[in-house]
Structure formats: C-alpha cells, structure tokens
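The following exercises concern strand pairing and helix packing. Each task is followed by a solution in steps.

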Amino acid sequence: MSMRILFAGSKVQECPSVLLALDRMGHRVAYYTKPIEEMQEDEEEEKALESFLKKYKVDFVLSNFFTSIIARVTNRLGMKYAVWCMDSPTYSTWVEESALDNCYLFYFDHREYELKKQSGHPNVYHLPLAADVVWGEKLVITDQETQKYSCNMSFVGNLYTENLYDRALDRFSADMQDAFTETIESSAFTWDGQDRLHLSPGMVQAVRSVCPEIFGHPYKISDEYFLKTFLLGRKLTQVERTLLMELLAERYDIHLYTGDTEVVPEGVRRFPPIDAGDGALKVFHSSKINLNITLRSIASGIPARVFDVMSIGGFMLSNWQQEIPELFVEDEEIVTYKTPEELIEKADYYLRHDEERARIAANGYRKVKEQHTYEHRLAKIISIIQGEIQ
C-alpha cells in the first residue's frame with residue numbers, strides 16, 4: 001500500500017538513496033524544507049511542523065537523526081516517527097523524548113541496539129545499513145574516468161587527525177596520558193570483536209576535572225560511554241588509519257580521498273574529498289582493492305562504506321566486524337583482516353589474483369542486490385511501524 005512519508009533530512013548526512021528507494025517502492029515522499037539541524041526547539045517551529053504534517057496528510061515521519069521536536073509533534077498527532085540511525089553512536093537518540101511510544105528507533109550497530117534495548121525503550125530494533133545498486137546501474141563511467149581513478153588500493157574517508165583527544169592532551173597529567181596511551185595501545189590494530197577500551201572511574205573523573213566542557217551535552221548516557229566512543233574512539237581510529245596508510249604506502253599505489261586539514265603520511269597519494277554519490281562510486285569501481293578501516297565507535301556494525309563499495313561491484317577488503325559473517329560469506333563475497341599483517345598478506349594475494357578478486361566482487365554485488373538494498377531495509381521499517389512484524 002502506498003504511503004505518504006515525510007523525510008526529515010540532515011545537512012550532516014544526506015540520504016538521497018532513501019528518497020530514491022521510497023519513490024521506487026511507490027510511496028509518496030514529502031521533504032521538509034528545513035534540515036533537522038535548523039529546526040528550532042520552540043512553539044513557533046512546532047506549529048509550523050504540525051501544520052505541514054496535516055496539510056500533506058503524512059502517514060509517518062522518517063529521519064536518520066533523532067530530533068525532539070518531531071517526536072513531540074508526531075506524538076501529539078498520534079503519528080509514528082521512525083529513525084534509521086546511520087551513524088554510531090547516534091547520540092541524538094539518547095534523550096528523554098526518544099522514549100515516547102510513537103518513536104521507533106533502528107540502529108545499524110547491534111551493540112548500540114542492545115544498549116538502547118536494555119534502557120527499556122519500547123520500540124528499538126536492529127537494522128543494518130544498505131546498498132543502492134540502482135544508482136550504480138545507472139552510473140556512466142568513461143574510460144578516461146576509469147584511468148583517472150584506477151589504483152591498486154583506495155580509501156575514502158577521514159583520518160581524524162583533528163580530534164578532541166589531541167586538543168585536550170596538554171591538560172592531562174603525565175599519569176593520565178600514560179593511562180590513556182596504555183588503553184589505546186592495548187586496543188589498536190586488533191579487530192576480533194573484543195572491546196578493549198575500558199575507562200576506570202578514576203580516568204573518567206580525571207577528565208572531568210580538567211575538561212568539564214566535554215560533558216556539556218544533553219544525552220542520557222554514561223560518562224564512560226561518551227568518553228570511550230567520542231574521545232578515545234576517534235583517537236584510536238586516527239592512530240590506526242594513519243599508521244596503516246603509512247604501512248600500505250610502502251608497498252602499494254594507494255589513493256586517499258580525505259579532507260584538506262588531515263595530516264597525511266608521506267608516500268600516500270592524497271586527493272581532495274570526493275562526493276558521496278557518483279564520485280565515490282567511480283573510485284570504488286576503478287580501484288583494484290577498496291579498503292575499509294572502521295571508525296572505532298562502531299562497535300559491531302558494518303559501515304556504509306562497505307555497502308557502497310559492493311553496490312558498484314567493487315572489491316572490499318575490510319577489517320573484521322562482528323556482524324560481517326551474519327550478512328556476508330567471508331572470502332566469497334567480502335575479504336576481511338584482523339591484524340595489519342593479515343591485511344598485507346591478503347592485499348598481496350588479491351593484487352596478484354585478478355580473477356579471484358573479480359569473482360568475489362561480483363559475488364558481493366549479487367548478495368547486496370538480492371538481500372541488502374534500501375528497498376529491503378525500508379520495507380522492514382514500514383512493516384514494523386504498521387505492526388505487521390515485531
């Protein structure tokens with residue numbers, strides 16, 4: 001049955017594939033004129049949103065970030081509000097209004113889903129991210145573009161060389177710095193599903209004493225969880241991505257597409273950030289190996305980069321994540337590594353074996369097309385909010 005759906009978009013993370021998939025599914029999509037970040041928490045904004053929802057006879061609201069004003073207005077109208085969290089953690093869902101019974105939260109990271117479920121939220125679900133294979137099928141890539149983007153290995157993403165940890169470091173005592181360094185070193189360069197980022201109450205209190213402004217957020221999460229995911233998670237990602245780039249550049253022609261403020265290791269071929277649509281897909285299609293190094297705040301889930309690469313038939317070499325074996329057959333549809341040594345070993349092997357690499361890429365494309373498209377995921381969201389499945 002066709003539905004009238006309002007998609008409340010975000011400037012931080014635009015989701016054209018969601019809108020395109022809903023349209024292909026035969027639903028009527030309204031797009032709110034203001035991005036979530038510009039919606040004011042006041043009575044005037046609430047009246048404007050309520051008027052919009054009534055005027056366009058919206059069945060339910062969908063967004064990829066949670067906002068309290070939508071939760072309150074839809075609750076008052078007896079309307080359901082679904083949030084497909086495409087970032088992890090999605091801190092915006094950790095507020096009081098998210099517990100309203102009309103709010104449905106879908107997390108792509110299973111560990112964050114479990115944490116939210118344990119908090120007693122009535123409508124929380126696990127839903128992986130997705131691939132837009134239709135976009136890739138319509139994309140035209142010229143021979144000149146293939147040559148332009150061709151390389152042994154590419155990585156599209158930030159190195160996080162600008163992070164909160166480094167900005168706060170000079171406030172930490174020598175003992176604090178040693179404790180954090182030990183925690184980071186014990187966690188780095190091993191991807192086996194184990195959580196090694198542990199902060200003692202003393203470490204949390206030490207940060208609070210010298211950086212109280214870090215805790216000035218509205219989210220109902222523990223200080224340890226926030227520090228682990230935001231402060232240490234991004235620093236750990238910076239250490240891993242930077243050193244792996246340096247290691248790989250000694251052996252391969254590696255292209256890095258990243259922000260101009262990032263500090264890039266010597267030997268890495270740096271390119272400007274590339275758009276998340278056609279440009280990125282052309283890179284994924286033209287690279288012999290597409291690398292994924294998951295942001296450490298994503299505890300178990302599979303990031304969007306993996307689905308995007310596979311949506312265009314690119315070969316994916318990713319660090320191991322707990323949920324990868326649940327969705328893909330390793331070494332048949334995707335290749336993973338758990339240590340830097342295994343990364344080098346597998347990169348060497350697949351750069352020498354073109355036919356195997358092409359076969360795995362083709363298998364991965366076929367799997368996402370058959371099971372992991374935006375249509376598959378959105379159909380599940382709609383079935384859940386309509387009460388067809390639990």
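Two strands are taken to pair if DSSP finds at least two bridges between them. The model examined here is predicted.

**Exercise 1. Determine which strands pair with β7 and in which sense.**

Solution.
- Step 1. Strand β7 comprises residues 151-156. Toward strand β10 (residues 287-292), β7 forms three bridges, and the two strands run parallel. Within this pairing, M153 has I289 of β10 as its bridge partner.
- Step 2. Strand β8 (residues 254-257) is joined to β7 by four bridges, again in the parallel sense. Here S154 is the bridge partner of H255 in β8.
- Step 3. Both bridge counts satisfy the requirement of at least two bridges. β7 therefore pairs with β10 and with β8.
- Step 4. As for burial, five of the six residues of β7 are buried, so that the strand is mostly covered.

**Exercise 2. Place β7 in its sheet and identify the strands that stand at the edges.**

Solution.
- Step 1. From β8, the pairing continues to β9 through three bridges, with parallel direction. H255 stands opposite R269 of β9.
- Step 2. The complete order is β9-β8-β7-β10-β11-β12, an open sheet of six strands with parallel pairing.
- Step 3. β9 (269-271) and β12 (335-337) each have a single partner strand, so one side of each lacks a neighbour in the sheet; these are the edge strands.
- Step 4. On average, neighbouring strands of the sheet are turned by 25° against each other, direction ignored.
- Step 5. Helix α12 (residues 304-311) lies across β7, β10 and β11 (316-319), and α12 runs at about 170° to β11.

**Exercise 3. Explain why the buried residues of α4 lie on the same side of the helix, and describe what they pack against.**

Solution.
- Step 1. In helix α4 (residues 110-118), the residues E112, Y113 and K116 are buried. They are on the same side of α4 because they cover an arc of only 105° around the axis.
- Step 2. A general rule is consistent with such an arrangement: an α-helix has 3.6 residues a turn, so residues three or four places apart point the same way.
- Step 3. The packing partners of the buried α4 residues are β5 (103-107), β6 (124-126) and α10 (223-249).
- Step 4. At the N-terminal end, D109 caps α4, with a side-chain oxygen 3.0 Å from the backbone nitrogen of R111. After the helix comes G120, whose phi is positive, near 95°.

Terms used: Residues numbered from 1 in each chain as written. Predicted model: local features only at pLDDT ≥ 70, side-chain atom pairs only at ≥ 80, totals over all residues. Heavy atoms only, no water. Buried < 20%, exposed > 50% of the residue type's maximum accessible area, 1.4 Å probe, protein only. Arc of directions from axis to C-beta. Contact = heavy atoms within 4.5 Å. Polar contact = N/O pair within 3.5 Å; in protein donor to acceptor, adjacent residues only side chain to side chain. Axes fitted to C-alpha atoms, helices over the stretch in contact; angles between N-to-C directions.
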